Amino acid sequence: MAKLYFTEGGALAEIDSKKVYISRPGYEAAKRHLKYLQTDKRDEIVARIAEARSHGDLSENAEYDAARNEQAANEGEILELEYKLKNKEIYASPATPEFVTFGVKVTVYDEDFDENVEYTIIGSTESNPSKGLISNESP
């Protein structure tokens, strides 16, 4: 059985494993976060590196090492986010869902806690299980 989703235009389409699925609000938030990482965060890190350099010997400078490690992590996050945004496919929540797909709320029974729990199925970029947002890739 094919895995399907609803496009922003409301059309039904087959899920492509090479695409990164994201809602319109999630896409806008990801763009803002990328801009922050590329500007403000980069500038903060460069300033910390410059400050650490001003302390002299870099071979035993923990501040310099920490700032460089943070710089590497930031650049890695930028690359990952750029890839996701480049390969994005924006989905829409169906008005009347007939099957489980992106944007659909599902209720499951938790036997351990004897309660129903509601989750919204979303793309992996936006998942946050503690807020009831689980990825379509979750088991």
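Let me start with one residue. Leu-37 touches Arg-42, Asn-74, Glu-77, Ile-78 and Leu-81, where touching means heavy atoms within 4.5 Å and residues up to four places away in sequence are not counted. Leu-37 lies in helix 1. Helices here are DSSP runs of H or I with at least four residues, strands are runs of E with at least two, and both are numbered from the N terminus. At 2% relative accessibility, Leu-37 counts as buried. Buried means under 20% relative accessible area, exposed means over 50%, and partly exposed is in between, with a 1.4 Å probe and protein chains only. One of the contacts, Asn-74, is 37 residues from Leu-37 in sequence and 6.8 Å from it in space, C-alpha to C-alpha.

Before going on, the ground rules. This is a predicted model, in which local features need pLDDT of at least 70 and side-chain atom pairs count only at pLDDT 80 or more, while totals for chains, interfaces and linings use all residues. Residues are numbered from 1 along each chain as its sequence is written, and side-chain values use heavy atoms, with hydrogens and water left out.

On confidence: pLDDT is the predictor's confidence in each residue, from 0 to 100. The protein has a mean pLDDT of 89, and 99% of its residues reach 70 or more. Where is confidence lowest, and where is it highest? Strand 1, residues 4-6, is lowest at a mean of 79, and helix 1 is highest at 95.

Now the core. Leu-37 belongs to the largest nonpolar core, which has 9 residues. The others are Ile-22, Tyr-27, Ala-30, Leu-34, Ile-78, Leu-81, Leu-85 and Ile-90. A nonpolar core is a set of buried Ala, Val, Leu, Ile, Met, Phe, Trp, Tyr and Cys residues joined through side-chain atoms within 4.5 Å. Helix 1 (24-53) and helix 2 (62-86) each supply at least two residues of this core. Helix 1 gives the most, with 4 residues. Apart from this core lies another, of 6 residues, among them Tyr-5, Ala-13, Phe-102 and Ile-122.

How do the two helices sit against each other? Their axes come within 9 Å and cross at roughly 160 degrees. Angles over 145 degrees count as roughly antiparallel, so helix 1 is roughly antiparallel to helix 2. The axes are lines fitted to C-alpha atoms over the stretch in contact, and angles run from 0 to 180 degrees between N-to-C directions. The crossing is left-handed, which means that the near helix is turned anticlockwise from the far one by less than a right angle.

Next, two core residues outside those helices' pairing. Ile-22 is in strand 3, residues 20-23, and at 3% relative accessibility Ile-22 is buried. Its contacts beyond four places in sequence include Tyr-27, Ala-30, Lys-88, Ile-90 and Thr-125. Ile-22 and Leu-81 are 59 residues apart along the chain, and their C-alpha atoms are separated by 12 Å. Ile-90 touches Ile-22 in turn, along with Tyr-5, Thr-7, Glu-8, Ser-23, Arg-24 and Tyr-27, on the same counting.

Thr-7 is in the loop between strand 1 and strand 2 (12-14). Thr-7 is buried, at 18% relative accessibility. Neighbours within four places aside, Thr-7 is in contact with Ala-13, Ile-90 and Ala-92.

Thr-101 is another loop residue, between strand 4 (88-91) and strand 5. Is Thr-101 buried or exposed? At 4% relative accessibility, Thr-101 counts as buried. Thr-101 touches Leu-4, Tyr-5, Phe-6, Pro-94 and Ile-121, leaving out residues up to four places away in sequence.

Asp-114 is in the loop between strand 5 (105-110) and strand 6 (115-122). Asp-114 is exposed, with a relative accessible area of 56%. Most residues other than glycine have a negative phi. Asp-114 has a positive phi of about 50 degrees although it is not a glycine.

Last, Ser-135, in strand 7, residues 133-135. Ser-135 is buried, with a relative accessible area of 8%. Ser-135 is in contact with Ile-122, Gly-123, Ser-124 and Ser-127, apart from neighbours within four places in sequence. Ser-135 and Glu-60 are 75 residues apart in sequence and 43 Å apart in space, C-alpha to C-alpha.

Definitions and conventions:
Angles under 35 degrees count as roughly parallel, over 145 as roughly antiparallel, 65 to 115 as roughly perpendicular and the rest as oblique.
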